[in-house]
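Here are some exercises to work through with the model open beside you. Try each task before you read its solution.

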Amino acid sequence: MTGSAGLGDAGAFGEEGDAGLLSPVSASPLVGALTGDRAVLAAILAVESGWAAVLEKAGLAPAGSAAVVSAAAEPGRYSVAGIARRAQGGGNPVIPLLTDLRKNVQALDGTGIGAGRAVHTSLTSQDVLDTALMLLARNTVEALLGDLKRTSAALASLAEEHADTLCVGRSLTQHSLPFTFGLRAAQWFHGVAAAGRQLEGLAYPVQFGGAAGTLAAGTVLAAGTVLASGSSSTPFSLADALAAQLGLAAAPAPWHTNRLVVTSLGNALAAVLDAFGKITADVLFLSRPEVGELAEPRAAGRGVSSAMPQKQNPVLSVLVRSAALQAPQLVAQLHLAAANFNDERPDAAWHTEWPALRQLLALALGAAGHIRELAGGLQAFPDAMRRNLDLAGPLLLAEGVGAAVAPLLGAKDGLTGKEQLQAVVDQTLQAPSGEQAATYRKLLRDAVPAGVLTDLRLEELLNPASYLGEAANISRRILAAFPEYAAPPEPSLTDANGDPRG
């Protein structure tokens, strides 16, 4: 069994650990490869292997040590399930994994160079696991951003295509004002692009502090142990070298109990899922048969019911929304843990952080694949949008009519112009729904003298396209603010399940 130290072994997904049976939104080979147990194992081993390389390069480990440790750190040599069970003895998976790693290093050190001295020297378990989780997060977010940018490009295209497509805006579940589907898509884009920028702004720092965050063991190591004789390295130079080796950010200081790195990552992931949740909440409503303004892309076997053969359930939106609804509590767990990181290295609060962070990464990446497909294949039905817009009839323009006409009316029967027009609306609402359009026009015409408002001007005011405000400019401003998210990215190499295309 083989696997990449950076990404884990996709082949083992489902063999050891959670396959996502009760979390179908994240049940994909890609999500498993990047966030599963074996990916965590591979990341820990990558940190230990990278540290050996740093020590050897600095002259703090025997020549050839890095190659031996790298070979011993092949993830396929280790049992995830076995390490997980044995982790109960020390409270984290690094401890039993190190036992196995040292045995493998010893077995592979055929020339007896003492490569084992390069394993974990002056590190502590939290250094390794925190750094490994940063590797895991970086790899996952890189994949997530790829899907996110494809989603945003598809939404930008929808916004441009439907810039003038009329629909109805809704407020507190009721029809409010004329709107455009282009602006709705642009606002979806806005949420995704802004969340993407927040995600892109994150740093993934290396952790290096030793047993109590003082770098005491590293200082002794660099000051003149057998490994460090004549070395000019410092704990800080070694930490920076490890960051460079792993492709992570350098850290100005150990962050064992300062968890802003983790909570910032959680916040950014939740922001992405919030944006996804907004989109899918709208799609779920707008794809209801009685609304019929949108439809998800169809695929064989998708949207089926176990009992009703005629149903086409909007499964993509359901799955993505399920992820969005789980995210807030997971982020809350990260903040709860951060607020309870006691002493110089914490107890159980640290342990509660791991599953919450990993679940957030899995949900965000899984949801991103599904919403990418949703946005790319979303079907819009302008005729249905116009039909629903017309349900309220000219009453939908009452705000615009009032703004334009009320100032032209003098007081009548003790009522201001605004109050007279409100009376017209109130009387109209008492009429049967099928008669309200004609009733409003008649009452309005009766209330406003022809000398004040011509028939032509009245029709202009009752045209939904005349009361869109700055909808088109708002859409353009949104797209212009995030040009890197509006442009189509390179074609994806995988489908929504993480399977290779072609």
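**Exercise 1. A strand pair and its turn**

Task: Find the bridge partner of V168 in β2, then describe the turn of the hairpin.

Solution.
- Step 1. V168 has P178 as its bridge partner in β2. Strands here are DSSP runs (E, at least two residues), and helices are DSSP runs too (H or I, at least four residues), numbered from the N terminus.
- Step 2. Strand β1 covers residues 166-171 and β2 covers residues 174-180; the two run antiparallel, joined by 5 bridges. Strands pair when DSSP finds at least two bridges between them.
- Step 3. Between the strands of this hairpin there are 2 residues. L172 sits in that loop.
- Step 4. L172 is not a glycine, yet has a positive phi of about 50 degrees.
- Step 5. L172 counts as exposed because its relative accessibility is 78%. The cut-offs are under 20% relative accessible area for buried, over 50% for exposed, and partly exposed in between (1.4 Å probe, protein chains only).

A note before you go on: this is a predicted model, in which local features need pLDDT of at least 70, side-chain atom pairs count only at pLDDT 80 or more, and totals for chains, interfaces and linings use all residues. Residues are numbered from 1 along each chain as its sequence is written, and side-chain values use heavy atoms, with hydrogens and water left out.

**Exercise 2. Confidence and overall make-up**

Task: What pLDDT does the protein average, and which stretch is below 50?

Solution.
- Step 1. The average pLDDT (the predictor's confidence in each residue, from 0 to 100) is 90, and 90% of the residues score at least 70.
- Step 2. Residues 1-16 have a pLDDT below 50; this stretch has 40 contacts in the model beyond near neighbours in sequence. A contact means heavy atoms within 4.5 Å.
- Step 3. The protein has 19 helices and 4 strands. Of its 502 residues, 49% count as buried.
- Step 4. Among contacts with a separation of 6 or more, 76% come from residues 24 or more positions apart.

**Exercise 3. The nonpolar cores**

Task: Which residues touch the most other members of the largest nonpolar core?

Solution.
- Step 1. They are L101, W188, F189, L199, L273 and F276, in a core of 121 residues. A nonpolar core is a set of buried Ala, Val, Leu, Ile, Met, Phe, Trp, Tyr and Cys residues joined through side-chain atoms within 4.5 Å.
- Step 2. Helix α6 (residues 125-161) gives the most to this core, namely 17 residues.
- Step 3. Another core, of 21 residues, lies apart from it; its members include L397, L421, V425 and Y440.
- Step 4. Now zoom in on L273. Leaving out residues up to four places away in sequence, L273 touches A323, A324, A327, L360, L363, A364 and A367.

**Exercise 4. One helix, two sides**

Task: Why do the buried residues of α18 line one face of the helix?

Solution.
- Step 1. In helix α18 (residues 471-481), the buried residues are A471, S475, I478 and L479.
- Step 2. Looking down the axis of α18, these buried residues fall within an arc of 95 degrees, so they line one face. The arc is that of the directions from the helix axis to the C-beta atoms.
- Step 3. R476, R477 and A480 are exposed on the other side of α18.
- Step 4. The cover over the buried residues of α18 includes α6, β2, α7 (181-200) and α19 (483-486).

**Exercise 5. Three places to check**

Task: Is H120 buried or exposed, and where does R117 lie?

Solution.
- Step 1. H120 lies in the loop between α5 and α6. Because its relative accessibility is 11%, H120 counts as buried.
- Step 2. H120 is a residue other than glycine with a positive phi, near 70 degrees.
- Step 3. R117 is in the loop between α5 (94-108) and α6. With 39% relative accessibility, R117 is partly exposed.
- Step 4. Finally, turn to A43 in helix α2 (residues 37-57). A43 is buried, at a relative accessible area of 2%.
- Step 5. C-alpha to C-alpha, A43 and L246 are 9.9 Å apart in space, while 203 residues apart in sequence.
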